[in-house]
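Dear colleague,

I am passing on the structure we talked about, and my notes on it follow below. Please read them with the model open beside you.

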Amino acid sequence: MPDTQLDLLGSLQRSQMCGTLRASDAGKTVTLMGWVNRRRDLGNLIFVDLRDRTGLVQIVIDKESNPALHEKASRVRSEYVLAIVGNVKKRDDSTINKNVPTGEVEIIAHELRVLNDSKTPPFAPSDQAIGNEEVRLKYRYIDMRRPEMQANIELRSKVSLAIRKELSSHGFLEIETPFMTRSTPEGARDYLVPSRVYPGSFYALPQSPQLFKQILMISGFDKYFQIVRCFRDEDLRADRQPEFTQVDLETSFPTQDRVFEVVEAFLVAAFREAGIELKPPFPRMKYDDAIRKYGIDKPDMRLPEITDVREVFTEENLNALSLDPLLPVVAVRIPKVGELSRKERDDNKQLVASKPGVKVIDDLKRLEKSFPDAVTKLRATVEADADDLLVIVAGAPTEERTGLAMRKAAEAVYTSAGAMRLALTQKYKDKHGAFNKTGTANDYRFLWVTDFPMFEYDDKDGRWNAAHHPFTSPHEEDFGKLLSDPGAVRALAYDIVLNGTELGSGSIRIHRQDIQKQIFNALGMTDEEARSRFGFFLEALEYGTPPHGGIALGLDRIIMILAGADSLREVIPFPKTAKAVDLMVDAPTPVSATQLKELGIAVKG
């Protein structure tokens, strides 16, 4: 039973929100509704901080002027839901609370309705830190009352609206695509939905609206967009969820530049909602250059580049160090790290220890004893200060010298150096004041990465796979290499990257049947296999398909960055845990035997 008698709302209507009151409202009679953030009983006076999603305001109940109201307020507790009618009064200068926007005023209550009581919550929305994330997710409805979560979800709404407005202003139509579709060729990552009507058959929840948005281009809707829910059954990380939201768009007759302009325009609008002004156009970098300079295809441009230092070593130096002269020799510089212990150096080497054929040299004092001239040139080449950490990453001699083998060995050196660059930066940023990977409000470094490889070789299966997806168009000048040298074919694919995080990925698509057939052949796919996997789409291509292209950006990631959050769970209203569990509703759960029987499903194991 409630501790106090509950009231009905009746015809009472809220006149304004708690957090909007200011000194200019003094003298007004207002009706406020919200939750009790805090109650303080000072005898003749009771103070209640009433909270809604806009903020909180102080309510004053005076025993002398209204004993019955005071008695009622004495039974109010945290998280009770109240309606208050009262007069806005400007506070005396000595009682102004400068910590809240409403701190210049208070409400002298003359009516109080207790609309609902509350159990004592497992944590208070006013708590500054809540250590147990599982408790937060189980009681998400309490967690989302916290000001930080309210601000994040409101930001998400504003950014989504800004993106919709911007794309609509460019003539894009918002069109919904199906949630229940057929399983993809990469179906191991699909969430499946059994069909009751067709036992043994399944729908799949889409990992992306990719084929549907391309079919919309064939249908004549030349500018499509959607803020769409997608699903992927894979292991989770801080920036991954099994269901996620992406800003999806496609356009007909595009150039790559036009896609970039559209994306930059809606990102400008989105970031403006968070008070951040971006300055397009964003810089561009080819994939090969990104790997060579940063060792990764999503480079954080705030950190120093990897430096090619091959020329500082003679052939004799390289032979003495057992380094392959045909593979890259690069230096990673981390500023202001200072002297390291032997254990620290050994620990740092483990950052790339799992990559065969890659050698790491991190003890420059020892190297200098044997090769003083090379180390002198090395320090000059990378412009290193005395307290900077320098690590050399190179390739050990390899027996296989084919073009493909050497390309892969060279890329292994660059990507190992890139991994070490990021790991060392993160490791030493606080201890030694090196570059901070989280960035600042004025340090948003966007980059377009272009000209990705069309194919990647799978050593295990001994075959080429599509690096992006098989509907990505290759560069026209690379058509002749599709069968003779697939590893050298560049795709008209592009990523938009921000401070080391991939925000989105897209491409110009294949719109011609003959080229699509060549791509399938390069992937080792027969005509029959292609028809069985993509038949409905290949048939659509036969009916006048225009050139088209597009992109999809992760909305959750954009909001996470704008909110300064460390996890997607901070900007998604009802997220899953790292084990893909919804603790609030307790999902997934088994279903009844009756349901399984109706679906023709038997659970084994």
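**Cores, one helix and its salt bridges**

The largest nonpolar core (buried Ala, Val, Leu, Ile, Met, Phe, Trp, Tyr and Cys residues joined through side-chain atoms within 4.5 Å; buried means under 20% relative accessible area, exposed over 50%, partly exposed in between, with a 1.4 Å probe and protein chains only) has 52 residues, and those with the most contacts inside it are Leu389, Val393, Phe455 and Ile519. Helix 12 (residues 403-432) gives the most to this core, with seven residues; helices here are DSSP runs of H or I with at least four residues, numbered from the N terminus.

This is a predicted model, in which local features need pLDDT of at least 70 and side-chain atom pairs count only at pLDDT 80 or more, while totals for chains, interfaces and linings use all residues. Residues are numbered from 1 along each chain as its sequence is written, and side-chain values use heavy atoms, with hydrogens and water left out.

In helix 4 (residues 147-169), the buried residues include Leu155, Arg156 and Val159. Arg156 meets Asp556 in a salt bridge (2.7 Å, N to O), a term that requires a side-chain nitrogen of Lys or Arg within 4 Å of a carboxyl oxygen of Asp or Glu. Because Asp556 lies in helix 15 and Arg156 in helix 4, the pair ties together parts that are 400 residues apart in sequence, and both Asp556 and Arg156 are buried.

By this rule the count comes to 44 salt bridges, among them one between Glu133 and Arg569 (3.0 Å, N to O).

Best regards

Definitions and conventions. Helices (H or I, at least four residues) and strands (E, at least two) are DSSP runs, numbered from the N terminus. The expected span of a helix is 1.5 Å times one less than its number of residues.
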